[in-house]
Amino acid sequence: MTTLTRTFSEADLRELVEVRRDLHMHPEIAFAEVRTSKLVADRLKAIGITPRTGVGKTGVLAMIEGTRPGRTVLLRADMDALPIHEENEVPYRSQSAGKMHACGHDCHTSILLGLAKHLAQHRDEIAGRVKLCFQPAEEIGGGANGMIADGALDDPKVDAAFGLHVWQDLDLGKVLITPGPFMAAVDEFTVTVTGKGAHAAQPQMGRDPVLCLAHLVTALQSIASRETDPLKEVVVSVTQFHAGSAFNIIPETAWINGTCRMFDTEIWEEMPERFERVVQGVADAYGCKATLDFNRHNRPTVNDPAMTRLARAAAVEVVGEANIVDGGRTMGGEDFSSFLHKVPGCFIAIGSRNTAKNLVYGHHHPKFDVDEACLEIGAEVLLRTMRRYLAS
Ligand SMILES: [Zn+2]
Ligand SMILES: [Zn+2]
């Protein structure tokens with residue numbers, strides 16, 4: 001932290017850690033955030049805010065009115081955990097076998113509750129309104145869209161949206177802010193090929209779906225390497241290949257599954273069509289039938305340049321110019337992209353890795369853990385970004 005006047009007292013900071021650890025001990029996966037959303041709602045009620053619960057299934061929405069008129073800004077935290085068994089030996093270790101806050105959404109929820117408490121006591125800081133969005137199901141996609149469908153951006157209409165993620169690829173004290181495309185679109189594809197089963201010794205009697213899919217795995221790479229502008233990155237990864245039951249049987253069907261990632265919205269929009277053409281073409285060549293199931297988890301996360309400047313200036317106040325990392329991107333995805341598609345805003349990455357404390361494991365790892373000093377930095381950056389937006 002720079003020499004800024006710190007917003008949060010020692011007691012506030014202890015509470016940020018306590019809430020984070022409480023959530024960490026009681027992880028709930030996508031759309032099962034029942035205890036979590038009750039904890040959020042109870043804490044909001046305790047500070048005099050009446051939340052709307054059950055928004056987009058298990059989400060919570062709340063609003064804090066400022067003392068002066070102005071615009072409406074939405075701040076978002078995701079609440080879901082992952083189906084991973086925690087391997088950390090810490091006092092706040094997950095108490096639910098096979099479930100773990102291995103992405104840091106416990107931190108995000110705690111930070112937003114900390115901001116809620118501060119803002120409820122300082123409504124005079126707000127010219128306009130702050131909508132607090134506690135979102136379910138980020139990890140499987142669908143949580144953000146569910147809340148938007150349930151009115152998170154309406155009544156009153158939201159003018160801008162901000163969110164953050166603790167970031168294990170970045171040391172504590174650093175903040176990563178990228179204008180434009182920051183995180184990739186995430187698509188999932190499944191191709192099922194049906195041929196004709198036969199004895200392995202009589203391939204001429206059948207239509208081999210294994211050979212067909214083997215060619216398809218190769219052909220799909222041409223989408224990334226031959227069809228799209230090489231300056232606009234595309235990743236196609238086939239990650240599952242399922243076929244057969246014995247060494248001497250050509251199976252009737254086989255299937256593959258995988259993901260493709262990209263930053264460019266135009267390429268993203270054309271992707272299902274490109275897949276369909278390659279899949280049907282290859283299937284046809286081998287006399288098989290193919291069905292493509294294309295599941296769009298989330299669109300590219302694109303930060304608005306003007307909103308990014310506001311967030312960057314806020315982060316400079318907190319960590320200093322030397323600790324800002326500009327322009328990093330990741331092929332990982334985020335469903336905050338759904339909010340950024342509807343309103344301008346910025347998604348900010350808050351460094352949380354601490355090598356000296358061996359807090360080095362990445363997101364979704366069973367030993368994932370953050371340096372909790374990132375909670376204060378995240379809260380300060382988000383609060384100051386919001387203030388700058390409402391004052392701009
Ligand atoms: Zn995650
Ligand atoms: Zn996450």
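**Notebook: two zincs, two cores and a few odd torsions**

I began with Cys346 and, skipping its neighbours within four places in sequence, found it in contact with Ala161, Phe162, Gly163, Ile177, Asn303, Met307, Thr308, Ala311, Phe336 and Leu340. A reminder to myself: this is a predicted model. Cys346 sits in strand β16, residues 345–353. Its relative accessibility is 0%, so I noted it as buried. I also checked Ala306, which is 40 residues away along the chain; its C-alpha atom is 9.1 Å from that of Cys346.

**Zinc, ligand 1**

Next I turned to the metals. Which residues hold the zinc ion (ligand 1)? I found Cys103 through SG, Glu139 through OE, listed twice, and His364 through NE2, at 2.0 to 2.7 Å. The angles among the four donor atoms run from 52 to 147°, and the site is irregular. Along the chain the donor residues read C-x35-E-x224-H. Cys103 is in the loop between β3 (68–78) and α3, while Glu139 is in the loop between β4 and α4 (143–149), so this pair ties together parts that are 36 residues apart in sequence.

I then looked at how open these donors are. Cys103 has 9% relative accessibility and therefore counts as buried. Glu139, with a relative accessible area of 21%, is partly exposed, because the cut-off for buried is under 20%. His364 is partly exposed too, at 38%.

**Zinc, ligand 2**

The zinc ion (ligand 2) takes its protein donors from Cys103 (SG), His105 (NE2) and His165 (NE2), at 2.1 to 2.4 Å. Their spacing in sequence is C-x1-H-x59-H. Here is the link I was hoping for: Cys103 coordinates both zinc ions, which are 3.2 Å apart. Both Cys103 and His105 are buried.

**Torsions worth a second look**

Most residues other than glycine have a negative phi, and most peptide bonds are trans. With that in mind I listed the exceptions I came across. His364, the zinc donor in the loop between β16 and α9, has a positive phi of about 75°. Phe31 has a positive phi as well, near 65°. Phe31 lies in the loop between α1 and α2, and at 26% relative accessibility it counts as partly exposed. The peptide bond from Asp155 to Pro156 is cis, with omega near 0°. Pro156 belongs to the loop between α4 and β5 (160–171).

**Helix α2 and the cores**

I checked the length of α2, residues 34–46: at 1.5 Å a residue its 13 residues should span 18 Å, and the end C-alpha atoms are indeed 18 Å apart, which agrees. Just after α2, Gly48 has a positive phi of about 85°.

What does the buried side of α2 pack against? Its buried residues are Thr36, Ser37, Leu39, Val40, Ala41 and Leu44. They pack against α1 (10–25), β1 (52–55), β2 (59–65), α3 (105–121) and β4 (127–135).

Leu44 led me on to the largest nonpolar core, which has 62 residues; Leu44, Phe134 and Val175 make the most contacts inside it. Helix α9, residues 373–391, gives the most to this core, with 10 residues. A further core of 27 residues lies apart from it, with Ile223, Met262, Val278 and Val282 among its members. Back at Leu44, I noted its contacts beyond four places in sequence: Ile49, Pro51, Val60, Ala62, Leu113, Ala116, Leu132 and Phe134.

Note on methods. Residues are numbered from 1 along each chain as its sequence is written. Chains are lettered from A and ligands numbered from 1 in the order in which they are written. This is a predicted model: local features need pLDDT of at least 70, side-chain atom pairs count only at pLDDT 80 or more; totals for chains, interfaces and linings use all residues. Side-chain values use heavy atoms; hydrogens and water are left out. Helices (H or I, at least four residues) and strands (E, at least two) are DSSP runs, numbered from the N terminus. The expected span of a helix is 1.5 Å times one less than its number of residues. Buried means under 20% relative accessible area, exposed over 50%, partly exposed in between (1.4 Å probe, protein chains only). Contact means heavy atoms within 4.5 Å. Donors are N, O and S atoms within 2.8 Å of the metal (3.2 Å for Na, K and Ca); water is not among the atoms, so sites may look incomplete. Four donors count as tetrahedral if all angles lie between 85 and 135 degrees; four count as square planar and six as octahedral if opposite donors are over 155 degrees apart and all others between 65 and 115; anything else is irregular. A nonpolar core is a set of buried Ala, Val, Leu, Ile, Met, Phe, Trp, Tyr and Cys residues joined through side-chain atoms within 4.5 Å.
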